Amino acid sequence: MEGLVLKVDKTVSGRWGRFTLQAEMDIPFGKCSALFGPSGSGKTTLLRIIAGLDKPDQGTIVFNGRPWVDTENGIFIPPQKRNIGFVFQDYALFPAMTVEKNIAYSLPARCDTDVGYYLKVFDLVGVRKKLPQTLSGGQKQRVALARACARQPTLLLLDEPLSALDICMRRDLQNELLRIRENLGITTILVSHDIAELFCLATNVYKMAKGSVVSNGTPREIFQSRTDCLELTAMLLEKKMQGVLCLATVAVGAEVSTLAISAPEAAPLVPGDLLRISVKAFNPVVTVLKND
Amino acid sequence: MTIDPTPFILTIKLAAITVIALFLVGMPLVCWLFFSKSLSSLIVRASIHLPLVLPPVVIGFYLMVFFSPSFFVGAFLAKWFHLQINFTFTGLVIGSVVFNIPFMVNPVLGGLEGLSPSLYEASFLTGKGKTATFFKVLLPSVRPSVFTGCILTIAHTIGEFGMVLMIGGKIPGVTKVASIALYDEVESLNFSNAHFYSLILLGMSSFLILILFIVNKRFARIC
């Protein structure tokens with residue numbers, strides 16, 4: 001069977017104390033699947049189990065028909081033999097090696113592409129001789145991606161790979177990642193909190209909560225609102241009661257706005273609460289923002 | 001005042017050989033201690049701390065007994081390899097290596113434990129094993145700790161007395177190092193010579209500590 005098939009259980013400690021991570025997934029070969037969910041829901045642990053960095057308490061992992069883990073039969077293939085490219089949240093760049101050497105370290109022994117190719121693709125030619133600690137967050141992330149791809153992996157695991165980048169660089173690297181992924185046809189599992197990133201990169205999304213997969217489907221199936229109205233998630237910053245109305249100052253993304261809501265509705269709210277704001281009918285005015 | 005430079009030459013030679021030997025022996029040991037989760041590694045880890053708490057003369061005494069012809073190890077070395085360890089420069093080197101293990105191993109282990117585990121995990125995921133990961137990724141990442149270990153080893157070798165006297169004696173030109181020469185001068189009431197030896201040893205130790213601070217500060221600025 002092509003792709004990654006897994007069914008694992010592991011007791012882990014997370015944001016909500018100890019819980020059992022229970023995951024069952026069937027990730028098709030050559031596709032990009034994403035793990036989405038709040039912090040502490042077990043996404044990174046699951047990625048580490050797939051990579052072989054953590055062992056499940058029980059279960060099986062089969063990739064392209066080859067068992068990587070089978071707890072019943074005592075099978076555990078170490079991470080070195082799984083041919084995985086992994087981008088860590090903290091990048092894990094080797095501090096004593098230059099950018100060039102970090103990438104070269106990952107190249108397989110017999111390989112027809114050289115470091116120069118990855119330096120060029122990930123726009124790292126100018127910093128090839130620099131040490132990781134002298135790079136910006138975005139450059140570090142690109143080095144981590146380049147190193148993961150240089151391994152020429154059959155499975156690419158990305159733990160929030162674009163989280164430290166600004167929106168322009170994120171868009172550029174998303175497209176680059178998409179192009180590389182499509183060219184190489186690497187099966188990819190991506191952990192991300194960014195819905196736009198998931199829409200761009202993932203064909204399938206597993207939504208996780210408290211260690212379990214609560215739903216899965218295409219990004220559209222998972223994220224599109226079931227109603228036709230526009231829904232925004234906002235954080236309440238402050239509220240001012242004005243008779244029967246309450247003026248609530250909310251943050252929506254990078255914007256701060258003030259809304260008038262009814263006093264009884266506003267009474268239980270306290271600053272810091274997350275609100276879902278729905279607009280039932282409207283005629284949007286759409287303007288393209290310049291990225292530079 | 002006539003000063004024999006031989007004890008200083010011997011001391012420097014002993015320190016140089018000890019630091020090289022200890023690096024070659026100590027780094028594979030550190031690699032094993034760092035990655036191993038076995039009980040044996042825990043026992044070894046605890047036992048290499050012994051030289052920190054035991055009087056050096058005790059280590060010297062047991063090493064002397066260990067390599068004496070009346071004990072099977074000494075007898076074996078003498079019979080099959082015609083090797084005598086006690087009261088030779090080789091004996092001094094062995095004693096010095098044993099005595100200095102914690103001073104080399106502990107700073108490096110401490111440095112490694114301060115690194116993020118994702119560093120060696122990332123190396124494993126590129127297909128490299130523990131040994132390659134240790135020598136190519138981890139050890140270069142803790143260069144200041146390795147340097148500290150080397151300097152501490154040299155400094156302790158220069159200053160060691162009890163263990164050196166016990167296993168090496170004080171054979172001029174062979175095992176009579178600077179600290180023992182100083183003791184001899186005091187015993188002979190040659191205080192001017194003793195002052196000279198002391199000042200040179202004080203200068204050497206101060207220089208090493210200064211180098212340690214300068215280099216560590218430089219590493220801190222780079223990293």
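**Entry 1: B:Val177**

I began with B:Val177 and looked up its contacts, leaving aside neighbours within four places in sequence, and found B:Pro7, B:Leu10, B:Thr11, B:Leu14 and B:Val164. I note here that I am reading a predicted model. I placed B:Val177 in the loop between helix H10 (162-168) and helix H11 (178-187) of chain B. For its partner B:Val164, which lies 13 residues apart from B:Val177 along the chain, I noted a separation of 8.3 Å between the C-alpha atoms. Is B:Val177 buried or exposed? I entered B:Val177 as buried, because it has 29 C-beta neighbours inside 10 Å, and the cut-off for that class is 20 or more.

**Entry 2: the nonpolar core**

I then turned to the largest nonpolar core, which holds 112 residues, and asked which of them touch the most other members. I wrote down A:Ala34, A:Ile50, A:Phe86, A:Ala146 and A:Leu157. When I looked up which element gives the most to this core, I found helix H6 (residues 89-113) of chain B, with 12 residues. I followed one of the listed residues further: not counting residues up to four places away in sequence, A:Ile50 touches A:Leu6, A:Ile61, A:Leu157 and A:Ile189.

**Entry 3: positive phi in chain A**

I next looked up backbone angles and stopped at A:Asn83, which is not a glycine and yet has a positive phi of about 50 degrees. I located A:Asn83 in the loop between strand E6 (75-76) and strand E7 (84-87) of chain A. I classed A:Asn83 as partly exposed, because 16 other C-beta atoms lie within 10 Å, a count that falls between the limits of 12 or fewer for exposed and 20 or more for buried.

I made a similar note for A:Asp123, where phi is positive at about 55 degrees although the residue is not a glycine. I found A:Asp123 in the loop between helix H3 (115-121) and helix H4 (137-150) of chain A, and I entered A:Asp123 as partly exposed because it has 16 other C-beta atoms within 10 Å.

**Entry 4: where chain B touches chain A**

Last, I looked up the contact between the chains, to which chain B gives 16 residues and chain A gives 16 residues. On the side of chain B that touches chain A, I found that the elements giving two or more residues are helix H7 (117-125) and helix H8 (130-141) of chain B. I noted that H7(B) supplies the largest share of that side, with 6 residues. Sorting the side of chain B by class, I recorded 7 nonpolar, 6 polar and 3 charged residues.

Technical notes:
Residues numbered from 1 in each chain as written. Chains lettered and ligands numbered in written order. Predicted model: local features only at pLDDT ≥ 70, side-chain atom pairs only at ≥ 80, totals over all residues. Contact = placed C-beta atoms within 7 Å. Helix = DSSP H or I, 4+ residues; strand = E, 2+ residues; numbered from the N terminus. Nonpolar A, V, L, I, M, F, W, Y, C, P; charged D, E, K, R; others polar. Core = buried A, V, L, I, M, F, W, Y, C linked by C-beta atoms within 7 Å.
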